[in-house]
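User: I am new to this structure and would like to learn how to read a few of its local features. Could you take me through them step by step?

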Amino acid sequence: MSAFAKRQFSFADWEMIHQGQKLDPILQTISDFLDNNATIIDGIRRDLERGLKNPDRGRDGLTPEQVLRALIVKRVKNWDLRELRERIADGITLRQFTEFYSKPVPKHQAFNQAFNRLTPETIKAVNEMVVKAAVELGLEDGKKLRNDTTVVQTNIHHPTDNTLMWDAVRVVTRSVGQLFEEIGRRVEGFHNRTRAARRRMQEIQRMTSNARKSQQTEKYRALIGIAEEVMTSARKVLQRTKNVRGKTVAAALAIAAHREDIECYCALGDRVIAQSRRRVLEGEQVPNDEKIYSIFEPHTDLIKRGKVTTPVEFGHKVFLAESAKGLITQYEVLDGNPSDHHHVQPSLEHHKETFGRAPEVYGADRGFFSEKNVVSCEQSGVKVVCIPQRGGQRTAEREAYEKSSAFKEGQRFRAGIEGRISVLFRGRGMKRCLTSGRERFELWVGTAVLANNLMTIAALMNKRTRRKRRKTADVTSSRKTPKTRPRKKKTEQAARQLRRC
C-alpha cells in the first residue's frame, strides 16, 4: 500500500459519518469544493513524495488530503501546531473535515514535517487553481481589480549592532559546546566569552544620549574585539576537529550538523562585525542592502513606508491584488523595498491570464501612480483608472477627472483592500511569520492567502445556495396560495356610505 494513498474506510469510519454531526457550513462548503476539484491535490502529493526512493512502500503517513485540509484549518482558525493536533483529535467534525475519521491523529511534529515539505511554488499553483475554479463557477467576473502592498514581519527582535554581536557570540559558543559534547572532549584555545560580551552589550544598551557621545566608541571597540576572538577561535576548533569521526551514525550526523552551524554563524558574525566597525568606529553610512538585521533570519529587509506609527519595519514587502468579491488573485513576496508603481503592468497581465480580459476598474493608492502606468491601463482596456496623482502640479483636466463620480467610486472600492489586509493579519496570522527561512516565509504568506480565498469562495457559494432556496420557496408559495378577490379600499366604502345617506 502506498504511504500517501487514500485510505480505505473502516466500519468505525462509517459509523462516525452516520452519527448526525454536521460540519460548520463554511467548512462543509470548502470540503465539497476540494472534493469537486481533485487536481488541487496533485501538487501536494508531489511535494510529499519528493526525495523518496520508494514512495509506494513504507508505513502509512499523512495523506495529501489530510495535509492540505489540516493546513487550511490551521490558517483559518489561526492555531499553532499543538492546538491544531488537539482540536482535530478531540472534535468529530474536524476529524471528518481532515479525513482522519476514527484513525489516530499523529503528534504535532508529524504535521510540522509534512507542512515543511511543501514548497511556495506549489501553494501558489494551488491558489491559482482555486481562483480559476471560482471563475469557472461564475463566482467572480473580474470586472474590478484593486492592489496594495503591505509588510509581513519576520520573527526577530529589534536589531542593533551590539545585540547582533551578542547573538553571534552566544550562538557560536553554544554550538561549539555542543560539538565538544559529541566528540567527548574539549579543544584547547576556545574560551567562553559570553559573560564579557553580555556585559558590554548591556552597558551600551543602558547608555544615555549624553554618555553615548563619549563612551560608546570604546564599548563598541571592546565588544568587537570579543566577537572577533570568538569567531577566530571557533574556526580553529573546526580546523582541529575536521578529522574527528563519530562512533555511531547518529553521532557522525550530529557532529556534521554542529560543524555546519558553526560555519554558518561565523560567516554571519563576520558580517555583523564588519558593519559595526564601519558604522560606529569609522563613521560610515552603511547602505541598507549591505546590512544584516538578524543572524537567525538573514533574509530580513528594512522597509520604510513613511508610516507615523511604524516608521521602520523588518520583514518583507508583499504585493496583493484583490477582485471585487474578495478573492486575492495575485500575491508576491518582494525583495528589498521597491517602488509600488513597478507592479501595475505585471498585475494587468496576470489579470488577463486569469480572466481573459482587462478589468473595467483598476484601483490603487498614489504610490502606484505614474504617467506610464495610466497610459498602459488605458491601452489595456481599463475604463476607469483610479490611481491618484502623486506630487506635481495637477492639470485642470486631471483635477476634473479625480473629482468625477466614477473616480471617487473607484477610490471607495480601492479602500476595501485595506480591510482585506486587516483580515489577513488578524484572522489568518499573516502579520508576523513565525517560521524560519525565506522559503517558509513565502509558504506562510501563501497559506494565509489560500485560507482567505477558500473562505471567500465558501461564503459566495453559500450565499448563492440561500438565494436559490429563497427563490424556490417563493415560487412554491405562490403556486399554493389560492386566488382571492382584492379587497375594496376603505375610501371607496366610505364614499358609498355617504351616497346612501
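Analyst: We can begin with how elements are named: helices and strands are DSSP runs, numbered from the N terminus. With that in hand, Asn 78 can be placed in the loop between α4 (64-77) and α5 (81-90). Please keep in mind that this is a predicted model.

User: What is the sign of phi at Asn 78?

Analyst: As a general idea, most residues other than glycine have a negative phi. Asn 78 has a positive phi of about 60°, although it is not a glycine. Glu 99, which is not a glycine either, has a positive phi of about 65°, and it lies in the loop between α6 (92-97) and α7 (108-116).

User: Is Glu 99 buried or exposed?

Analyst: The cut-off to use here is that buried means under 20% relative accessible area, exposed means over 50%, and partly exposed lies in between. Glu 99, at 15% relative accessibility, therefore counts as buried, whereas Asn 78, with a relative accessible area of 37%, is partly exposed.

User: How many aromatic pairs are found in the whole structure, and how should I read one of them?

Analyst: For reading a pair, the angle between the ring planes matters, and planes over 60 degrees apart count as edge-to-face. A search of the whole structure finds 7 aromatic pairs. In one of them, the ring centres of Phe 180 and Phe 190 are 6.4 Å apart and the planes stand at 80°, so this pair is edge-to-face. Phe 180 belongs to helix α9 (residues 161-183) and Phe 190 to the loop between α9 and α10 (194-205), so that the pair links distant parts of the chain, 10 residues apart. Both Phe 180 and Phe 190 are buried.

Tyr 265 and Phe 296 also form an edge-to-face pair, because their ring centres are 6.3 Å apart and their planes are at 65°. Since Tyr 265 lies in helix α12 (residues 249-281) and Phe 296 in the loop between α12 and β2 (301-303), the pair ties together parts that are 31 residues apart in sequence. Tyr 265 is buried, with a relative accessible area of 19%, while Phe 296 is partly exposed at 36%.

User: Which residues do ring pairs link into a cluster?

Analyst: Phe 100, Phe 111 and Phe 115 are linked into a cluster by ring pairs.

User: Which ring does the charged end of Arg 75 sit over?

Analyst: The charged end of Arg 75 sits over the ring of Trp 444, 4.4 Å from its centre. The charged end of Lys 124 sits over the ring of Tyr 331, at 5.2 Å from the ring centre.

Key:
Residues numbered from 1 in each chain as written. Predicted model: local features only at pLDDT ≥ 70, side-chain atom pairs only at ≥ 80, totals over all residues. Heavy atoms only, no water. Helix = DSSP H or I, 4+ residues; strand = E, 2+ residues; numbered from the N terminus. Buried < 20%, exposed > 50% of the residue type's maximum accessible area, 1.4 Å probe, protein only. Phe/Tyr/Trp six-rings, centres within 6.5 Å; stacked < 30°, edge-to-face > 60°. Lys NZ or Arg CZ within 6 Å of the ring centre and 35° of its normal.
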